[in-house]
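Subject: Model handover

Hi,

Here is the structure I promised to pass on. Please open it alongside this message.

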Number of protein chains: 2
Amino acid sequence: MEKVWNGWGEAHKQKPLPAIAHQVLTQLLGSATPLPEASLEQAASRLPPSRLPEHELYHIDAETRVRYARGQSLPDWLAFKAGEVGVAPDAVAFPQNRDQLEQLLAFAGKHNAILIPYGGGTSVVGHINPCAGDQAVITVSMERMNRLLSLDTTSQLAWFEAGVRGPDLEAQLNARGYTLGHFPQSFEWSTLGGWIASRSSGQQSLHYGRIEQLFSSGVVHTPQGPLSLPSFPASSAGPDWREMVLGSEGRLGILSEAEVRVQPLPEQERFYVTFFPSWRAGLAAIREIAQRNVSASMMRLSHPTETSTHLQLALPQPKLGRLQRLFRLLGLGDEPAMMTWGVSGSGRQVRQSRRAIKAIARRYRGRLALKGLGDHWRKNRYSAPYLRQSLWQHGYLVDTFETAANWDKVPALQVQMEAALKRAAGDTPLLCYTHLSHVYKQGCSLYTTYVFPAQADFQASLATWQKLKAAASTAVVEGGGTISHQHGVGKDHSPYLHHEKDPLTQAGIQAVFDRYDPQGIMNPGTLMERL
Amino acid sequence: MEKVWNGWGEAHKQKPLPAIAHQVLTQLLGSATPLPEASLEQAASRLPPSRLPEHELYHIDAETRVRYARGQSLPDWLAFKAGEVGVAPDAVAFPQNRDQLEQLLAFAGKHNAILIPYGGGTSVVGHINPCAGDQAVITVSMERMNRLLSLDTTSQLAWFEAGVRGPDLEAQLNARGYTLGHFPQSFEWSTLGGWIASRSSGQQSLHYGRIEQLFSSGVVHTPQGPLSLPSFPASSAGPDWREMVLGSEGRLGILSEAEVRVQPLPEQERFYVTFFPSWRAGLAAIREIAQRNVSASMMRLSHPTETSTHLQLALPQPKLGRLQRLFRLLGLGDEPAMMTWGVSGSGRQVRQSRRAIKAIARRYRGRLALKGLGDHWRKNRYSAPYLRQSLWQHGYLVDTFETAANWDKVPALQVQMEAALKRAAGDTPLLCYTHLSHVYKQGCSLYTTYVFPAQADFQASLATWQKLKAAASTAVVEGGGTISHQHGVGKDHSPYLHHEKDPLTQAGIQAVFDRYDPQGIMNPGTLMERL
């Protein structure tokens, strides 16, 4: 299974852009010219030599260093495709056990080298990108530590090596009748350790819980030695130190192993699509479902713009036409908002939840509960990242950003986020649309996708992205949203962190980093600038 | 509403011990001689003079200093009743707003005085007891900061001053149709700030969530200035600093205000009692209910010893005799285990949950679902602390301890906890019994009550308690339980904290304390000894 070196996933899973999608995009954004793609050899040839000597602990060949140099943000893509990855690690290590991890920490401490923990390399905010500087950098890929070490079916706990990727984790659990239920869009490549270090949330976190709820204990290898967390269902004995590890983004050390709360595979798991006459109606229905303790496994509401874009891309014309006629017949108007939702559990639980959700939806004039479109969502739940390459090949660049906010702020925030993007785009044609997902009683996340044509060259494309990203991030924090609900901080979001973590909070976090990593060798520049 | 100065609650709510209960205790423990009770005046007269000058910020009269000197642990009771409270604060402050809090922090910093935040004084592990030392101590009672400041019914958030007690908090919310749903046994006197600082858990936390889930944001006044937490439904932007405040036990600063997640009062709230032929059968049923996502609002399983003790105390003889005949008729044997459980929500949700719980219980030979005994539990849910005084008056001392552990450890832990107590008691007659409650998919809490006759004098009684407490705590941590599921660490549990917080974890927590409180004036000696 060979990963594409300069994009997402495996080569054989890449799909051409459907003709209809290309047609729609050309109408909306004008035609575009794809940027060229450099080869891996070209990119490797442009790297400066490693500043580290040969050593059995790591690899220093240029191709490996290029492959692990960057993540999956749009700037990362531009850098990979241009064959100019910028700052690359001096070495890449592939430890196979905790001893080798400890050796790496000792080596790095002795040589004052920086360590960057690397899970699946799926970060979209620069978590694993080395910063320029005088210190040598070793990227530590955890991919060879991927085993299920034990499963306690009484307490429903599974102990994994932290480098295990989503599909391998689920396969090892599923074989025993269990699941973790953590399905972020990056599922196919992201890892357990990465989920924990970046406070990840899965598409069905409403049912299975965010990674904060799933992570019960583990071992973090810090420059001061290994730190072990205890395993309890709950405790009142002081601050919960799991929560310091969650979201630490490699700044404390490297997570070698983690215990997670698992559960038996659900008897049934169903997905449906319902339509509302407006965003506002759908929003009210979803809030009520969440606040009334009706147990959905997921809820997602596409704004009318996203709805029509997705339907245009998903359905061939005659089918789409029939659906649009049905919308009008059902009083949904021309621009309904699409709600995708799921229910999981025993047969009886699924029936009861489905009935309760449909009843509330009906009160807000929600219509239909199409299992076909629900199944379509399930089948394609991890395919969006592949679409980036299909769009790339036609000269279109795509990026996303997300936040979470309290319900009272959600309607205005959605408007402001899109308006800020469009203002920042200026004359550059821009398509953008939003959905809400990851629903809580207190609020929900908002997730915005935007597409624009590649500019004249890589640099101009990057400059346009920077303008858009800054505008979007500012709109998010000024509108009362968190700078990230599920992607983390990395380097791209750290300038905005002070909006939610005040100076004393940052000082407290920094005090912990300083205690565990006095040399400052653990992934510096990520999450927070040194105070 | 005058609080009893040397015991629990209000004088007019004290109840005499039922004759039958006295008879049962005399059978089990022999007769006992009550210890004398000193008056408040006597206790006050024995205090050394305050080391602080008169000041408008606080009170220094001896009676006030006695009242706020200790909490509600058994050693605290012995000290109060003996009229020898030991180390008392030099002053007690009653700030009315954030400005006055800041003035107190400035005053304490300038005079190197210790500050002890005081909620309802309900700690049973010494959180608010001053340590002996050279520094003057100011206890800061938050009781005058008790208002609801705002309620957002869209995002279901309520912003309170942190000194609000349980009944006042619920009354202010209930008047608007809302509830927090946090009902610890100390509910009548404990405060929102205390719940947060000690990581409290309510009797219906299964439905409403532990305080960790309910606390969404707030303001902590540290010696370095006020720290503000943001309000989001969820965030992946770095470590969640709420979790550093939760369980900080006054070591970071004083929580002045807190935002909590509230919800509409449930349409229905029902409680039932079901009986199982054995502890083991009840345990298996409860684990299955929790792990199958059946939504109970609470589940509690009394071990047969606790069951028979409670029934003897609750029911007059003819009624008890009829119930015991019914047990035999239903195949429950002579010593069934009593499960108390609740369901909350809409009428339909309550019906569905009740049906699902009864179906699982039946598969483990659980019989009956008595609403009368459920209502009895509800009516008496906060009465156990009053029973201490009734027992005291007959010469019996009572204490409790609790833990939480993963399901695989629960059966052995329950046996070991009780065995350790009995071994430590030696020749002292001892009655002890256990229930499980606060159920999670991963495990549950265990809560043990023990009663023994007062010894010849206060000192001998304290010495016996110390022996029992040490034995119980050791059994808890050696059996894989947390040193506390819901009472916190305070001073009594801090010698055992290292079993679950390893040296690096404690070092990280200490680094935060040092950053916010470099002088070490915030409640020192609580939670952790300085490293």
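Below are my notes on two residues and one interface.

First, a caveat. This is a predicted model.

**Tyr447(A)**

UniProt, in an unreviewed entry, marks Tyr447(A) with the feature "active site". The residue belongs to strand β18 of chain A, which covers residues 443-453. Is Tyr447(A) buried or exposed? Its relative accessibility is 11%. The cut-off for buried is under 20%, so Tyr447(A) counts as buried.

Which residues surround it? Setting aside neighbours within four places in sequence, Tyr447(A) contacts Gln185(A), Thr400(A), Phe401(A) and Glu402(A). The list also includes Tyr433(A), Thr434(A) and His435(A), along with Gln486(A) and His487(A). Thr400(A) also appears in a polar contact: its side chain pairs with the side chain of Tyr447(A) at 3.3 Å.

**Thr274(A)**

Thr274(A) sits in strand β12 of chain A, residues 268-276. Its relative accessible area is 3%, so Thr274(A) is buried. What does its side chain pair with? There is a polar contact with the side chain of Trp341(A), at 2.9 Å. A polar atom of the Thr274(A) side chain also lies 2.7 Å from the backbone oxygen of Leu368(A).

Both partners turn up again in the contact list of Thr274(A), which leaves out neighbours within four places in sequence. That list includes Ala337(A), Met338(A), Met339(A) and Trp341(A). It also has Ala361(A), Gly366(A), Arg367(A), Leu368(A) and Ala369(A).

**Chain B against chain A**

Interface size is often quoted as the accessible area lost when the parts come together. Here chain B and chain A bury about 6000 Å² between them. Carbon and sulfur atoms account for 53% of that. On the chain B side, Ser236(B), Gln442(B) and Leu504(B) lose the most area to chain A. Together they make up 12% of what that side buries.

How many residues does each chain bring to the contact? Chain B gives 82 residues, and chain A gives 82 residues.

Between the two chains, 46 residue pairs are in polar contact, both residues at pLDDT 80 or more. The salt-bridge rule finds 0 across this interface. Helix α19 of chain B, residues 503-516, gives the most to the side that touches chain A, with 9 residues. By type, the residues on that side of chain B divide into 34 polar, 28 nonpolar and 20 charged.

Best wishes

Technical notes: Residues are numbered from 1 along each chain as its sequence is written. Chains are lettered from A and ligands numbered from 1 in the order in which they are written. This is a predicted model: local features need pLDDT of at least 70, side-chain atom pairs count only at pLDDT 80 or more; totals for chains, interfaces and linings use all residues. Side-chain values use heavy atoms; hydrogens and water are left out. UniProt positions are given in the numbering used here, feature names are shortened, and annotations may be inferred rather than shown by experiment. Helices (H or I, at least four residues) and strands (E, at least two) are DSSP runs, numbered from the N terminus. Buried means under 20% relative accessible area, exposed over 50%, partly exposed in between (1.4 Å probe, protein chains only). Contact means heavy atoms within 4.5 Å. A polar contact is a pair of N or O atoms within 3.5 Å; within protein, one must be able to donate a hydrogen and the other to accept it, and residues adjacent in sequence count only if both atoms are side-chain atoms. Buried area is the accessible area (1.4 Å probe) that two parts lose on being put together, summed over both. A salt bridge is a side-chain nitrogen of Lys or Arg within 4 Å of a carboxyl oxygen of Asp or Glu. Ala, Val, Leu, Ile, Met, Phe, Trp, Tyr, Cys and Pro count as nonpolar, Asp, Glu, Lys and Arg as charged, and the others, Gly among them, as polar.
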